[in-house]
Amino acid sequence: AASASSAAAVFSSSEWTALEGEEVSDGNCTGLLGLQSAFLKESTKRLHAPLEFMFPEAVSVDENGLAVPVLPTLPSRYDLAKLDAAMREELSLADPRQGGGDLGMAAMISAVVVAMLREFCGAARRAVSEVGDGDGKADTRTSSLGEGVTHNLNVAGVMSNLANFVRNAPDATFVNPYRPAQSAQHEEASHACRVALQPALQEIDSLVGESILDPLCRSVNRKVSAAVAKMHRGTYLQEATGQQQQASSSFVQIYLTDLYDEIATKYLSQLPGEYAVTVASTVATYSIYCFVSNAALLRPLGETGRLKLTQDLADFEMALEQLVFKGGTSLSLSQIAGGKPYAELRAVRQLLYWNGLEDRDPSPAEVAKGLLRAAWVKDLRPSTLFHFLFSFAPSLLTSPHHFKRMEAGEYADTLVKLDGSVDDGEASAWMTTMACCDAYQQRASTGAAAGGRGDRRVGTILMILGPELLRRRRQ
């Protein structure tokens with residue numbers, strides 16, 4: 001403690017400050033600042049030298065001999081190994097056993113490494129193809145969407161290898177060369193270096209996430225959305241005989257199982273493990289919310305339709321478990337996104353067999369109270385419960401997507417964003433539900449609903465449930 005306090009006294013003294021020096025008005029430096037600036041300038045030059053050969057512009061010509069823009073050539077493993085060697089050689093100048101001085105030297109050189117890696121990330125960002133989003137954009141440097149996606153997956157592989165080199169650099173420079181011997185100085189230097197290099201790792205993760213993984217997830221989730229929306233083509237409408245039901249494959253087996261196998265083979269298997277986990281988790285989260293939101297809009301939904309949907313929910317869960325497993329994560333479906341998507345998927349099974357409207361005697365308030373007391377209701381988004389109750393209502397209570405003059409799948413897309421987030425759509429869903437109920441009350445007041453099929457209490461039940469469910473969700 002005494003030595004630490006004495007060292008602190010030295011570093012805060014006016015003599016030390018004078019020794020460190022400062023930049024004066026005429027551009028000259030006092031003290032040791034000039035030496036430090038010269039050292040950092042040469043260090044920067046040495047570290048940036050390998051970047052000259054990274055992501056060189058590739059050249060191609062068409063049949064007419066005209067230059068055609070193509071995607072840059074990516075760094076090879078040999079190129080990355082040279083960059084790693086340059087980083088470790090520069091960091092070794094801060095080795096305490098080799099005269100590296102105090103720990104400030106490790107942090108100072110690490111800052112130069114971080115600046116170099118940021119420049120590398122800038123070049124990598126420019127090298128990413130813009131065709132992975134699936135939103136109609138075209139990258140003139142590629143001949144096809146598949147070529148652009150493959151190129152981006154390769155860029156992700158390059159960045160993953162670079163991130164591994166950066167993570168290993170502190171121990172590889174200060175600790176491993178002296179094992180099995182241990183030195184507190186070397187451990188401290190390694191720790192200081194690791195902390196100083198964190199901004200570079202964050203830059204790499206940000207680049208891969210924003211430029212590669214997020215567009216890829218949006219593109220894949222668009223395919224999932226289009227496939228799930230096909231459930232509104234009468235899949236659960238017809239009352240099939242027992243023999244027909246046994247012979248026919250489920251909706252999930254026909255439209256989704258092969259799609260998830262394609263995603264795993266085409267994308268997840270080509271990505272480094274840490275990035276494959278991110279994509280698998282995002283796709284699984286989006287898939288659950290998308291499937292549930294579409295299923296809640298099914299109308300009418302008879303007993304046979306409910307049985308088929310229950311079987312599909314089991315097949316759907318199994319298909320997603322396989323997708324997450326192939327993503328290389330040890331997490332189960334119940335652990336993704338805090339467990340909320342999976343909890344809603346399980347709650348929907350309970351919702352399908354809710355029979356609170358079979359008894360015609362209870363008032364709407366009593367039915368709503370009984371529903372709110374159900375343990376599984378807390379796991380459902382309000383919109384899921386609202387939309388499901390429409391399946392019990394008279395036909396004059398217009399479904400939300402019909403009220404908005406949208407296809408059911410298109411309306412479900414307004415509830416779930418392509419990144420898997422859902423909170424923004426709940427307030428909008430409640431406003432639409434209220435508008436549907438208001439229009440129904442106006443029609444009912446004219447006697448138009450008399451004699452129609454469906455339970456007339458549904459509109460009132462929805463108006464009672466809405467505020468309470470939204471209040472619970474905000475808590």
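This briefing describes charge pairing, cysteines, burial and backbone geometry in the structure above. The model is a predicted one. A search of the whole structure gives 17 salt bridges, whereas the number of disulfides is zero. Two cis peptide bonds are described below, one from Arg 179 to Pro 180 and one from Arg 299 to Pro 300.

**Salt bridges**

- Side chains of opposite charge can pair when their charged atoms come close.
- Lys 45 is paired with Glu 42 in a salt bridge whose closest N and O atoms are 3.7 Å apart. This counts as a salt bridge because the cut-off is 4 Å and the closest N and O atoms lie 3.7 Å apart.
- Both Lys 45 and Glu 42 belong to helix α3, which covers residues 33–48, and they are separated by three residues, about one turn of the helix.
- Lys 45 is exposed, with a relative accessible area of 52%, while Glu 42 is partly exposed at 35%.
- Glu 90 forms a salt bridge with Arg 46, with 2.5 Å between the closest N and O atoms. This pair links distant parts of the chain, since Glu 90 is in helix α4 (residues 77–91) and Arg 46 is in helix α3, 44 residues apart.
- The two partners of that bridge have their own accessibility values: Glu 90 is buried, with a relative accessible area of 5%, and Arg 46 is partly exposed at 39%.
- Glu 210 forms a salt bridge with Arg 125, and the closest N and O atoms are 3.7 Å apart. Here too the pair links distant parts of the chain: Glu 210 is in helix α7 (residues 184–228) and Arg 125 is in helix α5 (residues 104–127), 85 residues apart.
- Arg 125 is partly exposed, its relative accessible area being 32%.
- A network of salt bridges links Glu 317, Arg 346 and Arg 349.

**Surface charge**

- A patch of negative charge on the surface is formed by Glu 303, Glu 358, Asp 359 and Asp 361.
- Within this patch, Glu 358 is located in the loop between α13 (340–352) and α14 (364–373). Glu 358 counts as exposed because its relative accessibility is 63%, and the threshold for exposed is over 50%.

**Cysteines**

- A disulfide is a covalent bond between the sulfur atoms of two cysteines.
- The count of disulfides in this model is zero. Cys 437 is in no disulfide, because the nearest cysteine sulfur, that of Cys 436, is 6.8 Å away and a disulfide requires sulfur atoms within 2.5 Å.
- Cys 437 is buried, with a relative accessible area of 1%. Cys 217 is also buried, at 4%.

**Burial of helix α15**

- Helix α15, spanning residues 382–389, is mostly covered, and eight of its eight residues are buried.
- The buried residues of α15 include Pro 382, His 387, Phe 386 and Phe 388. Ser 383, Thr 384, Leu 385 and Leu 389 are also among them.

**Loop residues and C-alpha separations**

- Phe 53 is situated in the loop between α3 and β1 (59–61). The side of Phe 53 open to the probe gives a relative accessible area of 52%, and Phe 53 is exposed.
- The C-alpha atoms of Phe 53 and Pro 75 are separated by 7.9 Å, although the residues are 22 residues apart along the chain.
- Val 70 is in the loop between β2 (67–69) and α4 and is partly exposed, with a relative accessible area of 25%.
- Between the C-alpha atoms of Val 70 and Ala 127 there are 10.0 Å, with their positions 57 residues apart along the chain.

**Backbone geometry**

- Arg 179 and Pro 180 are joined by a cis peptide bond with omega about 10°, and Pro 180 is in the loop between α6 (145–174) and α7.
- The peptide bond from Arg 299 to Pro 300 is cis as well, with omega near 0°. Pro 300 is in the loop between α11 (273–296) and α12 (303–326).
- Phe 55 is a residue other than glycine with a positive phi, near 55°. Phe 55 lies in the loop between α3 and β1 and is buried, at 9% relative accessibility.
- Ala 337, also not a glycine, has a positive phi near 55°. Ala 337 lies in the loop between α12 and α13 and is partly exposed, at 46% relative accessibility.

Definitions and conventions: Residues numbered from 1 in each chain as written. Predicted model: local features only at pLDDT ≥ 70, side-chain atom pairs only at ≥ 80, totals over all residues. Heavy atoms only, no water. Salt bridge = Lys/Arg side-chain N within 4 Å of Asp/Glu carboxyl O. Helix = DSSP H or I, 4+ residues; strand = E, 2+ residues; numbered from the N terminus. Buried < 20%, exposed > 50% of the residue type's maximum accessible area, 1.4 Å probe, protein only. Patch = residues over 30% accessible without salt bridge, like charges linked within 9 Å, V, L, I, M, F, W, Y side chains within 5 Å. Areas by Shrake-Rupley, 256 points an atom, 1.4 Å probe, with all protein chains shown as cover. Lys, Arg positive; Asp, Glu negative; His and termini not counted. Charge placed at Lys NZ, Arg CZ, Asp CG, Glu CD.
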